[in-house]
Amino acid sequence: MNEMTTIAKSSPKDWETDQEVRWCPGCGDYAILKAVQRTLPELGARPENTVFVSGIGCSSRFPYYMETYGFHTIHGRAPAIATGVKLANPGLDVWIITGDGDALSIGGNHTMHLIRRNLDCQILLFNNEIYGLTKGQYSPTSRVGTQSPSTPFGSVDRPANPCAFALGSGARFVGRGIDVHKNLPTVLKAAHAHKGTGFVEIFQNCIVYNDDVFAPFTAKPNAAANQLWVEHGKPLLFENGTKGLAMDADRLVLKVVDVADGDWQAAGVIVHDQTNRGLAHMLVEMPSGAFPVALGVIFDDPAPTFESAVVAQNERASEGKNANLQKLLSKGQTWMVEKEPRAE
C-alpha cells in the first residue's frame with residue numbers, strides 16, 4: 001500500500017447490512033447489535049478484515065446483520081469454526097457471538113478449549129438465562145426455581161456462572177456488561193484491545209420468555225445499589241460511593257462495608273486489580289442480593305496466543321526446507337501404473 005494512501009474511517013452505517021433485523025420487539029439483542037456497530041468504527045476496524053461467527057440461538061442471527069464476513073454455524077460449534085478461520089488467516093479480526101445455551105450446554109466443551117488455548121478473538125456471550133429460540137426452556141444459566149416448558153415445577157439445577165466458567169478454563173480476559181448500558185462499548189473496546197481470547201458476558205433481557213429477570217440490578221431504581229462497575233486502580237465502590245468491598249481477612253472473602261464521608265480507605269475498601277485472578281474469581285461469584293453485580297473489565301492479564309504459537313511452530317518446522325509437492329507424493333513406497341499395450 002502506498003504510504004500516502006489513507007483509509008477513511010468507517011461509520012456505524014458501514015457495518016449494517018440490507019437484511020431486516022428480526023428479533024422480538026424489545027429484545028436486548030437490538031441494543032447489543034447497535035453497540036457493536038457503533039464501537040467497531042471507533043476501533044478503526046475494517047469490515048473486509050472482520051469475521052463474525054455464531055452458533056445456534058436468537059443471538060446467532062448476528063452475522064446476518066453485520067456487513068462483514070460471517071458464518072452462522074451449528075449448535076455449540078462456533079469456537080471450532082472460529083479457530084479454523086484464525087489459523088487460516090491470523091490477521092483477521094474474529095468475533096464469536098453465542099448465547100448461554102449455545103456456549104455452555106452443547107458447546108461447553110468447545111468453549112472451554114478455545115478459552116484455554118487463548119485464541120485471539122472476542123467471545124460475546126448473550127446471557128438471558130433461557131432458551132429463547134426454542135420457546136423458553138430452561139438453560140444452563142437459569143436460576144433455581146425457574147419455571148419453563150421443560151421445568152414446569154421449577155428448575156432444580158444449580159446454574160452455571162459464565163464468567164466463573166471462563167476463569168476456570170484459563171481465560172486471560174473476562175468482562176461483563178448489560179445490553180442497554182452506556183458502558184457496554186467500553187467493555188467491548190477493552191476485549192478487542194486484549195491480545196488473546198476476550199470473554200464478555202452480556203446480561204440480555206428476553207422480553208418474551210424471561211422478562212426482567214435482571215431487573216433487581218438493571219432497573220434504574222436498583223442500579224446504584226446493585227451495580228459495581230470496576231475499573232483498574234480504582235476503589236471498589238457502589239451506591240454512589242457510600243458502600244464498598246473490603247476483604248474479610250479471617251475468612252479470605254469479600255464483604256460489603258459502609259463508607260463515611262467518602263473516606264473509602266478508612267473503611268478498608270480494596271482497589272481493583274484487573275490482573276489478580278483470585279480477586280476476579282471472588283468478584284464474579286458474589287451472591288446476588290447480598291452483594292452488587294460486578295461489571296466492566298474484571299480480569300485482564302494477557303498471555304501468548306494460540307495462533308501465534310502455531311505459526312511460530314510451523315515456521316520452525318519448515319525452516320531450510322523447500323516445498324516440493326511432487327517429492328512429497330513420491331516419498332516412500334510408490335509405483336507407476338502404465339497402460340499395457342492392447343492385444344491385436
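For a surface patch, nonpolar side chains such as Val, Ile and Tyr are joined within 5 Å, provided the residues have over 30% relative accessible area and no salt bridge. In this predicted model, Ile207, Val208 and Tyr209 make a nonpolar surface patch of about 240 Å². Tyr209 has a relative accessible area of 34%, which puts this residue in the partly exposed class. To find Tyr209 in the viewer, look in the loop between strand 6 (197-203) and helix 7 (215-218).

**The sheet**

Now for the strands. Eight strands form an open sheet with mixed pairing, and reading across gives the order 2-1-3-4-6-5-11-7. The edges are taken by strand 2 (69-72) and strand 7, and each has a single partner strand, so one side of each lacks a neighbour in the sheet. From one strand to the next, the twist averages 20 degrees.

Over towards the strand 2 end of that order, strand 1 (residues 50-54) and strand 3 (residues 93-99) run parallel, joined by 5 bridges. If you want a pair of residues to click on, Phe52 has Trp95 in strand 3 as its bridge partner. Helix 9 (residues 277-284) packs on the sheet too, where it touches strand 5, strand 7 and strand 11. The direction of helix 9 makes about 160 degrees with that of strand 11.

**A look at strand 11**

How many residues of strand 11 (residues 293-300) are buried? The count is 8 of the 8, so strand 11 is largely enclosed by the rest of the structure. In the sheet order, strand 11 sits between strand 5 and strand 7. With strand 5 (residues 173-178), strand 11 pairs in the antiparallel sense over 4 bridges, and Phe173 stands opposite Asp300. With strand 7 (residues 227-230), the pairing is parallel, again with 4 bridges; here Leu228 stands opposite Ala294.

**Salt bridges**

Side chains of opposite charge can pair when their charged atoms come close. With a cut-off of 4 Å between a side-chain nitrogen of Lys or Arg and a carboxyl oxygen of Asp or Glu, the count comes to 11 salt bridges. Three of the pairs are listed here:

| Acidic residue | Basic residue | N to O distance |
|---|---|---|
| Asp120 | Lys195 | 3.0 Å |
| Glu231 | Lys234 | 3.4 Å |
| Asp258 | Lys243 | 2.7 Å |

Take Asp120 and Lys195, whose closest N and O atoms are 3.0 Å apart. This pair links distant parts of the chain, 75 residues apart: Asp120 is in the loop between helix 4 (108-117) and strand 4 (121-127), while Lys195 is in the loop between helix 6 (184-193) and strand 6. Is Asp120 buried or exposed? Asp120 is buried, with a relative accessible area of 10%.

The salt bridge between Asp258 and Lys243 also ties together distant parts of the chain, with Asp258 in strand 10 (residues 253-258) and Lys243 in strand 9 (residues 243-248), 15 residues apart. Asp258 is exposed at 56% relative accessible area, whereas Lys243, at 24%, is partly exposed.

In the Glu231 and Lys234 pair, Glu231 is partly exposed at 46% relative accessibility, and Lys234 is partly exposed at 41%. Finally, there is a network of salt bridges that links Lys13, Glu16 and Lys34.

Note on methods
Residues are numbered from 1 along each chain as its sequence is written. This is a predicted model: local features need pLDDT of at least 70, side-chain atom pairs count only at pLDDT 80 or more; totals for chains, interfaces and linings use all residues. Side-chain values use heavy atoms; hydrogens and water are left out. Buried means under 20% relative accessible area, exposed over 50%, partly exposed in between (1.4 Å probe, protein chains only). Helices (H or I, at least four residues) and strands (E, at least two) are DSSP runs, numbered from the N terminus. Two strands pair if DSSP finds at least two bridges between them. Patches are made of residues with over 30% relative accessible area and no salt bridge: like charges are joined within 9 Å, nonpolar side chains (Val, Leu, Ile, Met, Phe, Trp, Tyr) within 5 Å. Accessible areas come from the Shrake-Rupley method with a 1.4 Å probe; for residues, only the protein chains shown count as cover. Axes are lines fitted to C-alpha atoms, for helices over the stretch in contact, and angles run from 0 to 180 degrees between N-to-C directions. Contact means heavy atoms within 4.5 Å.
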